[in-house]
Amino acid sequence: MSNFNESKPNLTQTLFLMDQDAPMKAVLFVTPCIIFFYVNGVMLFTLRKKTVFQETSRYILFGHMLCVDTLNIFMSVVLYICAVSRLLIMKNVCLVLLFATTTLFQVSILNLALMSLERYVAICIPLRHTEITNFERTHIAFGVVWTMGLIQSMSELIIFYSIDNTNTAMNFFCSRTTLFRLQIYKKLDIAFTCIFFVLVSFVIIFTYASISAVAKTASCDKASAKKANKTVLLHLIQLGLGAASILVGVIQEAMYVFTDLATAVNVMYFCFLVFIIFPKCLSPLIYGLRDQAFSSLFKYYFTFGKGKVKPVIIEQNV
């Protein structure tokens, strides 16, 4: 199985190190990232403008997702610049970058499960929705997610400083391949990859099936259930794109074996954009623009105060 985290932002060193078209591709890479930063920045600003957004679990989860995805893309940009500039990085600095990248990626995946569970409670247990998803319990859920997301990174950190003596150089290109050379790192990577994706897949499929079942009952709000199901389905698609990123390492090896270097680099660049960058851009689509209460205010700030703002009415069917 390919290295899970190697198919995340650390992939940039392999992709761009020997690519003569790197300047043009840098523009194609950085431009959507800048747009992404602006859109997410405006969304986070919008969430801070209304008290109701800061107290409703759906919007709290949405804000958390925006923060994690933004930091994740930022780490991608940092590692991209290091790769293109061919910078040698101190191993302790590289360790911090990889620690943050791994943790953020896993928290982003786990957060999809939280958001799907919130939709499940809103549709299937509506009378207890406010109680179950209150402010305190939502933040407890964040604590659980971050704890789970830190387990692999902390394990690798302990192994690195306790038993790993393979790294003698102080400066090198920053990637999991150059820093983590012991076989135990790959075993940990495979184990956590399987656990997290199976767990989140189960949660999303369970919530989708449950909402579909409730939608068939006479007492259910059909429109609410249908819209919630679409949201959970989009989460599943987003998770699928994240899972597909695991295969990037396999594609990379196949490209280098059966094609020339230029073709391999171009294919890997395409995979990087489609499986690493694009899934993070789905977040605003899933929640921001589909939410009538939020989208109106967001568009107002996005266009620098032009247009009208509709009254903020929170619905449970997004």
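Leu 199 touches Leu 110 and Met 148, leaving out residues up to four places away in sequence, where contact means heavy atoms within 4.5 Å. Leu 199 sits in helix H9, residues 183–215; helices here are DSSP runs of H or I with at least four residues, strands are E runs of at least two, and both are numbered from the N terminus. With a relative accessible area of 35%, Leu 199 is partly exposed, a label for values between the buried class (under 20%) and the exposed class (over 50%), using a 1.4 Å probe and protein chains only. Its C-alpha atom is separated by 8.5 Å from that of Ala 113, and the two residues are 86 apart along the chain. Helix H9 also holds Ala 213, which is partly exposed at a relative accessible area of 45%. From Ala 213 to Cys 124 the C-alpha distance is 9.2 Å, with their positions 89 residues apart in sequence.

A word on the model itself. The structure is a predicted model, in which local features need pLDDT of at least 70 and side-chain atom pairs count only at pLDDT 80 or more, while totals for chains, interfaces and linings use all residues. Residues are numbered from 1 along each chain as its sequence is written, and side-chain values use heavy atoms, with hydrogens and water left out.

As for the overall picture, the protein has 14 helices and two strands. Of its 318 residues, 50% count as buried. Among contacts between residues at least 6 apart in sequence, 81% join residues at least 24 apart. The protein exposes about 15000 Å², and carbon and sulfur atoms supply 70% of that area; accessible areas come from the Shrake-Rupley method with a 1.4 Å probe, and for residues only the protein chains shown count as cover.

Turning to the aromatic residues, a search of the whole structure finds 16 aromatic pairs. Rings of Phe, Tyr and Trp (its six-membered ring) pair if their centres lie within 6.5 Å; planes under 30 degrees apart count as stacked, over 60 as edge-to-face and the rest as tilted. One of these pairs, Phe 53 with Phe 294, is edge-to-face, at 5.7 Å centre to centre and 65° between the planes. This pair links distant parts of the chain, as Phe 53 belongs to helix H3 and Phe 294 to helix H14, 241 residues apart. Both Phe 53 and Phe 294 are buried. The rings of Phe 298 and Phe 302 have centres 5.4 Å apart and planes at 40°, so this pair is tilted. Phe 298 and Phe 302 are both in helix H14, four residues apart, or about one turn of the helix. Phe 298 is buried at a relative accessible area of 5%, whereas Phe 302, at 32%, counts as partly exposed. Ring pairs tie Tyr 38, Phe 53, Tyr 59, Phe 62, Phe 294, Phe 298 and Phe 302 into a cluster.

Helix H14 spans residues 292–302, and its buried residues are Ala 293, Phe 294, Ser 295, Ser 296, Leu 297 and Phe 298. Just after H14, Phe 304 takes a positive phi of about 60°.

Several members of the ring cluster turn up again around Leu 47: leaving aside neighbours within four places in sequence, Leu 47 is in contact with Phe 53, Gln 54, Tyr 59, Phe 62, Gly 63, Leu 66 and Phe 294. Leu 47 lies in helix H2 and is buried, with a relative accessible area of 6%. Leu 47 and Ile 60 are 13 residues apart in sequence, and their C-alpha atoms are 8.5 Å apart in space.

The second largest pocket holds about 230 Å³ of space. Of the 13 residues lining this pocket, Arg 48, Gln 54, Tyr 59, Ile 60 and Gly 63 are the closest to its centre. Helices H2 (22–47), H3 (51–55), H4 (57–84) and H7 (135–162) each give two or more residues to the lining, and H4 gives the most, with five. On a 1 Å grid over the protein atoms alone, a pocket is an open set of points with protein on both sides within 12 Å along at least five of seven lines, and lining residues have an atom within 4 Å of a point. Grid points are joined across faces, edges and corners, and the volume is the space filled by probe spheres set on them.

Conventions
On a 1 Å grid over the protein atoms alone, a cavity is a set of points where a 1.4 Å probe fits but cannot get out, and a pocket is an open set with protein on both sides within 12 Å along at least five of seven lines; lining residues have an atom within 4 Å of a point.
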